[in-house]
Amino acid sequence: MKRYIIAAISAALVVSMATAQTMTDAINTSQNNYYGTARTVGLGNAVTAVGGDLGTIGINPAGSAVAGYSQFTITPGLTISANGSSYAPSYAVYPNGGKEPLPDIQEFGAETSTSRARFYVPNLGIMIRFDTGRRYGVKSVSFGIVSNGTSNFNNEEMAGGINRGTSITGAFAAFATSNADGRGKMLPGKILSWTNPFSGDYYWNYVAAYWGGLINYNDDAGTYFGSAETVSKSPEGKYDYFVKGDLRQRHSTQTYGSKNDIVINAGLDIDDKVFVGLNLGLPVMSYRHNQYFYENAYSDPAEDFVYIPEYYGSTGEYNRGPLSTYEQCQYNYSYMSNVTGVYGKLGVIVLPTDNLRLGAAFQSPVAYSVSETWQVKEECSRSEYNPVRDAFDIYHTDSSYSPEGNYKYRLTGPYSVNAGIAYTFGTVALISADYEMTDFSVMRYRANNGNIDSSFDRVNRITGLFCGPSHSVRAGVEVKPVPMLALRAGFSYKTDPTYYRNDEWGNRVTAYDYDRYYDKFESGYYALASGKHANSDNVWAVSAGLGFLSAGSFFADFAVRMTSFATTYFEPYNVYLEGEDAVICSPAIRSKRNLWDVMLTFGWRF
């Protein structure tokens, strides 16, 4: 059985393992999951028409003008990520149909639950109000600077299981043989003789894999093979590569960081009926991501035979053992990005009556500057079976660190518009509702000097085709049973900014599909039908809170919120092909993340 590589696997899939200029990462940088003060979070952030609180300013700049006083707030908080992840081993897909899948195919296994808590300050700010002394017209001017949280990346996931079909070493070997530079070029053999192997025009994943012992070079065949694979030569002179035996695989990722918008705000109170505000927004984001993947021998596969008709040759019999050596390896990919940006936002709140409030705001596209670093570490240990101990003893270990990669570029983020309505029942109660639209289809990557860079043509093209508006609805209610105490509840729902399309035959085409067959779509060999269709990977949140107002200037608010994110699927390594007809796919990790936020605002009015 000769190894083949799926020709449609694009360079972008390989690039994504080393850098982060992808459609998904542009969304990750650009989207907002609003925080603010405990009051705004308790109201579900349905505050476009409410104002008066420093947490509202990031959503509607006119919120600062509504308050009849100056104020200072600080909001310490605790964010707790709860994740349930499960693992499914490799499986087979037959492109031409009519064949049974490989045996031992498993569904996703039991979930592994992980949780992690982190301290966070989602709000800190001060606003100063200056009265003009006028009876009509502009009655006050307010100025402030506020930091409000817009995203929190705290997360950890872990899952694993037994795989007898593929290995990360086999996937690396396949792409080192066929596509080590993302353009179909093979990684040169025997690169251990290079003085500086990372100086070549090859992806560091594969260079580090060779130096770390995960892949080896077959001089006779002129191809690479994985350390967890066994090599056999057929009478016809063809080389076959099989996974040696059952592998225990474990995948884990940890993400850290947050995004805050530092807002410089100015507001005007006009006749206590019209409130206007303007923000200069300076988003600041820090993001850290560590990905780990482990493989090790699970059991002695001696006398383990699998019968697969029409797949492993005329005998239909593949012997997985006996083997005298095992391999265990680990892969670690670390990525860090620091992001700064700038945007403008204009907002207004109008009171048609004493009880009814209407609000609206527009935010310009965000100009981001991104600086990222990444590094790969790969290690392989060879072990030998010791019959006396009935165990495997490690006798050699290779490891390799790639140099730290650095890259800077620019990203144009989406624009957004939002509108809100609120109604007050005197000083006893408040209800509010918001709608917000954020258009992600305008996101574009550019070179660090601001010029258009052709290396971003592909991802920018895909982003325009498969991103679109994300719609958010938010609702909140506040009740004051006594003047000093407020009870709050809120809800929010946000739609997925990614879309799918149909091809000319009505088949569903995702961004991943278009990327795989990019050249064929762009050349017109395949064609897309008009129109985008929304995906259903939506995010929703519920919140509750309490407020306390003292007889003096001090006030305090408490809130708790649970955000439920869409289920995600992740393949730890690229798909590769073994056989003429069957695609052996990577294992899949399914994760469901809930994020709990607990926060307490301390404020002073003066």
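A pocket here is an open set of grid points where a 1.4 Å probe fits, with protein on both sides within 12 Å along at least five of seven lines. Keep that in mind as you open this predicted model.

**Stop one: the pocket.** Start with the second largest pocket, which has a volume of about 650 Å³. To land in the right spot, select Arg39, Tyr69, Glu478, Lys480 and Arg605, the closest to its centre of the 30 residues that line this pocket. Then colour strands S21 (429-439), S23 (469-482), S24 (485-494), S28 (539-549) and S29 (554-564), the elements that each give two or more residues to the lining. By class, that lining splits into 14 nonpolar, eight polar and eight charged residues.

**Stop two: strand S25.** Now select residues 499-502, which make up S25. Which strands does S25 pair with? One is S27 (residues 533-534), antiparallel to S25 and joined by two bridges; look for Tyr500 opposite His533. Another is S26 (residues 508-509), also antiparallel over two bridges, and here Asn502 sits opposite Arg508. S25 and S26 form a hairpin with five residues between them, and Gly506 in the turn has a positive phi of about 90°.

**Stop three: two aspartates.** Jump to the loop between strand S11 (247-270) and strand S12 (274-297), where you'll find Asp271. Asp272 is in the loop between S11 and S12 too. Most residues other than glycine have a negative phi. Asp271, though, has a positive phi near 60°, and Asp272 has a positive one near 55°. Are they buried or exposed? Asp271 is partly exposed, at 35% relative accessible area, and Asp272 is partly exposed as well, at 36%.

Key: Residues are numbered from 1 along each chain as its sequence is written. This is a predicted model: local features need pLDDT of at least 70, side-chain atom pairs count only at pLDDT 80 or more; totals for chains, interfaces and linings use all residues. Side-chain values use heavy atoms; hydrogens and water are left out. Two strands pair if DSSP finds at least two bridges between them. Helices (H or I, at least four residues) and strands (E, at least two) are DSSP runs, numbered from the N terminus. On a 1 Å grid over the protein atoms alone, a cavity is a set of points where a 1.4 Å probe fits but cannot get out, and a pocket is an open set with protein on both sides within 12 Å along at least five of seven lines; lining residues have an atom within 4 Å of a point. Grid points are joined across faces, edges and corners, and a volume is the space filled by probe spheres set on the points. Ala, Val, Leu, Ile, Met, Phe, Trp, Tyr, Cys and Pro count as nonpolar, Asp, Glu, Lys and Arg as charged, and the others, Gly among them, as polar. Buried means under 20% relative accessible area, exposed over 50%, partly exposed in between (1.4 Å probe, protein chains only).
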